[in-house]
Every structure is written in C-alpha cells, then in structure tokens.
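Good morning, colleagues. Please take a moment to look at the sequence and the structure before I begin.

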Amino acid sequence: MKRKILVGNWKMNKTMKEAIEFANALKDKSIEVEKENIILGIAPSYLCLPIVQKLGGSLITYAQNVHYEESGAFTGEVSIPMLEEIGVSASLIGHSERRTYFKETNETCNLKLKALEKHDMNAIYCVGETLKEYEEDKTKSVIKKQVLKGLEGLSEEYISELTIAYEPVWSIGTGKNASKEIASDICKYIVDVIADKYGDEVASGVYVLYGGSVKPNNIKEYLDDEHIDGALVGGASLKPESFIEMIENIRG
Ligand code: PEP
C-alpha cells in the first residue's frame with residue numbers, strides 16, 4: 001500500500017526567522033514522520049530551503065520552481081545544479097500561480113520535468129482547470145492535455161515515480177474546495193490517462209495528490225479516498241499548529 005503524502009507549499013511566505021520557528025515547533029511536537037505512514041514535505045522559498053533541510057528532520061524539501069537550463073543569462077532564476085548542490089532533490093513544477101502569473105505553459109513545464117529527470121530529481125507536477133474551464137465542462141480535456149504534454153519524452157521509469165497534484169485553480173486559496181467526489185474522479189482520471197498512454201504498471205507507481213483549500217478539518221476526507229494519495233496544501237501549511245493538526249487528522 002502507498003504511504004500518504006502531505007506537502008506544504010509556503011509560496012512567497014515566511015522569512016528565515018519564521019521558517020526556523022516553524023521547524024522548531026515541529027521538533028517540539030516530536031513529529032517522527034518516518035514512524036508514521038505519512039511522507040511529509042515542505043516547499044519553502046529558495047532562501048529558506050537550507051534551513052528547512054537542516055532543521056526539518058526527515059521532511060522532504062521541495063523547491064517551488066526550477067529553470068530548465070543549467071546556467072546562463074536568466075536573471076532572477078535558479079538552476080537545478082544550484083539546488084542539487086544544497087541537497088534539494090525535488091521541485092514543484094507548473095503550480096497554477098506559476099502558470100497564471102509567470103505564463104508557464106505545458107511546454108515549459110515539460111522542459112523543466114525533462115531537466116529534473118536528467119538530474120535524477122523528483123517532481124510534483126501540478127495540473128488543474130480554471131473556473132471558466134470547469135464551468136464549461138472542460139476539466140477532463142484540460143487535465144489530459146496538461147498531463148500528456150507535460151510528460152512528453154520522459155522515460156517510463158521516471159513517470160512511474162512521479163507525483164502529480166490535481167489542483168483546480170478555482171479552489172486554490174479560495175476556501176472553495178472541490179468536493180471529494182470531484183477530486184477522487186479527477187485523481188483517478190489522471191492515473192487512467194497515464195495508463196492508456198504508458199500502461200498499467202507505469203501508472204500504478206504514480207502518486208496523485210489533491211490540492212485546493214485543504215484544511216485540518218477536511219484533509220482526512222480526501223486522504224481516505226482510494227484514488228487520492230495525498231494533499232498539496234498552501235494556506236493551512238503555514239502555521240505549525242495547523243500543519244501538525246493535519247498530520248494528526250490523517251493518522252486519525
Ligand atoms: C497550493 O498552493 O498549492 C494550494 C493548494 O493552496 P491552498 O491550500 O491555500 O488552497
């Protein structure tokens with residue numbers, strides 16, 4: 001059976017001092033993640049990555065983004081070798097805020113995933129439809145395109161170890177969750193799309209998370225679903241008490 005995953009996305013929040021306070025609060029609560037059947041991760045800002053790595057015990061640290069080139073004239077960007085050097089082994093790719101505000105496309109996400117594969121680094125590839133697409137009943141066609149284009153040219157081995165997060169754009173940071181039925185249906189659909197293209201064996205290794213206004217009071221409902229392997233959480237991952245409550249509720 002797959003272990004459940006809980007990853008907090010801090011976005012552009014927390015100074016280094018605040019990140020230290022968070023890591024210490026987790027330590028004080030003796031969150032022994034390895035003993036639990038839960039994989040825990042945090043995606044802090046680049047600046048806070050070394051702190052979370054150092055103080056976060058067995059928390060996996062994720063970058064929130066990477067550039068697909070190794071180096072060069074890309075002012076303001078961070079490359080995979082730079083992250084590798086400080087021991088970061090995974091990154092979010094294609095978060096809806098990156099797609100919306102920084103114009104990332106399925107094509108640039110694909111370049112980033114290929115670059116991560118080259119460096120043997122894992123990814124959480126984020127997909128999800130906008131409110132307009134949802135209302136026009138285009139969810140599945142949008143998701144299918146994001147998945148197939150994003151994964152184009154990756155090895156089956158890499159795909160079988162990938163994590164994909166289904167995050168409907170209309171539910172991120174809005175307090176409007178997708179119902180468990182919708183989340184379950186789309187998470188299953190993602191696995192089906194991969195199975196159709198790459199076969200059942202590859203698809204069975206993929207982890208699919210739900211993200212969108214997940215909170216301590218609703219996380220268990222999602223994670224109890226057989227098609228949802230975990231959660232990617234923004235707002236509710238910022239306070240240590242709320243992050244700890246989510247862990248306790250998953251164990252529940
Ligand atoms: C996210 O940032 O990936 C997210 C799901 O945010 P929130 O939990 O705040 O909706």
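I shall speak about the sheet, the helices on it and the nonpolar cores.

This is a predicted model, in which local features need pLDDT of at least 70, side-chain atom pairs count only at pLDDT 80 or more, and totals for chains, interfaces and linings use all residues. Residues are numbered from 1 along each chain as its sequence is written, and side-chain values use heavy atoms, with hydrogens and water left out.

Eight strands, β1-β2-β3-β4-β5-β6-β7-β8 in that order, close into a barrel with parallel pairing. Strands here are DSSP runs of E with at least two residues, helices are runs of H or I with at least four, and both are numbered from the N terminus; two strands pair if DSSP finds at least two bridges between them. Neighbouring strands are turned by 25° against each other on average, direction ignored.

Consider β4 (residues 90–93) and β5 (residues 122–127), which pair in the parallel sense over 4 bridges. In this pair, S91 stands opposite A123 of β5. Helix α5 (residues 106–118) lies across β4 and β5, at about 165° to β5. Such angles run from 0 to 180 degrees between N-to-C directions, with axes fitted to C-alpha atoms, for helices over the stretch in contact; contact means heavy atoms within 4.5 Å.

I turn to the interior. The largest nonpolar core, a set of buried Ala, Val, Leu, Ile, Met, Phe, Trp, Tyr and Cys residues joined through side-chain atoms within 4.5 Å, has 68 residues. Buried means under 20% relative accessible area with a 1.4 Å probe, protein chains only. Helix α9 (residues 180–198) gives the most to this core, with 9 residues.

Methods
Buried means under 20% relative accessible area, exposed over 50%, partly exposed in between (1.4 Å probe, protein chains only).
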